[in-house]
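Please open the model in your viewer and keep the sequence panel visible beside it. The tour below moves from the whole chain to single residues, one selection at a time.

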Amino acid sequence: MILEKIENKGKELLQEVLDSLPELEDGKNVCLALSGGLDSTLLLYVLVKKYGVYRVKTLSFDFGQRHVIELDMAVKTASRLNISHKIVKLDYLKDIAKDVSALISGSELKPKTAEENS
């Protein structure tokens with residue numbers, strides 16, 4: 001019973017999101033910055049449901065992030081959906097940010113744990 005209520009609420013929320021998206025003019029597309037993480041992947045599926053695979057384009061940024069698996073997932077997801085996808089290399093950001101961001105590969109900084117962030 002509780003799972004059914006949760007599922008129904010999820011469907012209602014999804015429909016609200018779909019209804020809130022604007023209609024696209026003829027010949028126009030939508031572009032999503034796809035990190036490969038859960039949030040942008042979910043939004044990709046919402047956009048495809050609303051506009052169709054041929055009107056949705058994706059773009060990812062490779063800035064030397066520690067979690068390169070997300071870029072791999074972005075490529076796989078776009079490929080699975082047959083969505084246009086481009087990765088933009090921003091290598092210079094790695095050198096600029098490695099001393100101030102734990103999210104950069106090669107940074108000596110360590111990401112904070114959930115407990116440290118609360």
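What follows is a series of selections, each with a note on what is there.

**Before you start**

This is a predicted model, in which local features need pLDDT of at least 70 and side-chain atom pairs count only at pLDDT 80 or more, while totals for chains, interfaces and linings use all residues. Residues are numbered from 1 along each chain as its sequence is written, and side-chain values use heavy atoms, with hydrogens and water left out.

**The whole chain**

Show the protein chain as a cartoon, and look for five helices and three strands, where helices (H or I, at least four residues) and strands (E, at least two) are DSSP runs numbered from the N terminus. Followed along the sequence, the elements come in the pattern α-β-α-β-α-β-α-α. Of the 118 residues, 27% count as buried, a term that here means under 20% relative accessible area, with exposed meaning over 50% and partly exposed in between (1.4 Å probe, protein chains only). Among contacts with a separation of 6 or more, 71% are between residues 24 or more positions apart, contact meaning heavy atoms within 4.5 Å.

**Helix α2**

Select residues 38–51, which form helix α2. At 1.5 Å a residue its 14 residues should span 20 Å, and the end C-alpha atoms are 20 Å apart, which agrees; the expected span is 1.5 Å times one less than the number of residues. Colour S40, T41, L44, V46, L47, V48 and Y51, which are the buried residues to look at in α2, and then add α1 (2–20), β1 (30–33), β2 (56–62) and α3 (69–81), which are included in what covers them. Just after the helix, stop at G52, whose phi is positive, near 90°.

**Where α2 meets α3**

Keep α2 and α3 on display: they pack at an angle of about 15°, with their axes 11 Å apart, the axes being lines fitted to C-alpha atoms, for helices over the stretch in contact, and the angles running from 0 to 180 degrees between N-to-C directions. The two helices are therefore roughly parallel to each other, since angles under 35 degrees count as roughly parallel, over 145 as roughly antiparallel, 65 to 115 as roughly perpendicular and the rest as oblique. Show side chains for T41, L44, Y45 and V48 in α2, which meet T77, R80 and L81 in α3.

**T41, within that helix**

Centre on T41, which lies in helix α2 and is buried, with a relative accessible area of 17%. Leaving aside neighbours within four places in sequence, T41 is in contact with L34, G36 and T77. A distance drawn from T41 to A74, 33 residues away along the chain, should read 7.6 Å between C-alpha atoms.

**T58 in β2**

Move to T58 in strand β2, which is buried at a relative accessible area of 3%. Not counting residues up to four places away in sequence, T58 touches L32, L34, L44, A78, I83, S84, H85 and K86. Its C-alpha atom is 5.9 Å from that of A33, although T58 and A33 are 25 residues apart in sequence.

**N82, the last stop**

Is N82 buried or exposed? Select N82 in the loop between α3 and β3 (84–89): at 55% relative accessibility, N82 counts as exposed. Its phi is near 60°, a positive value in a residue other than glycine.
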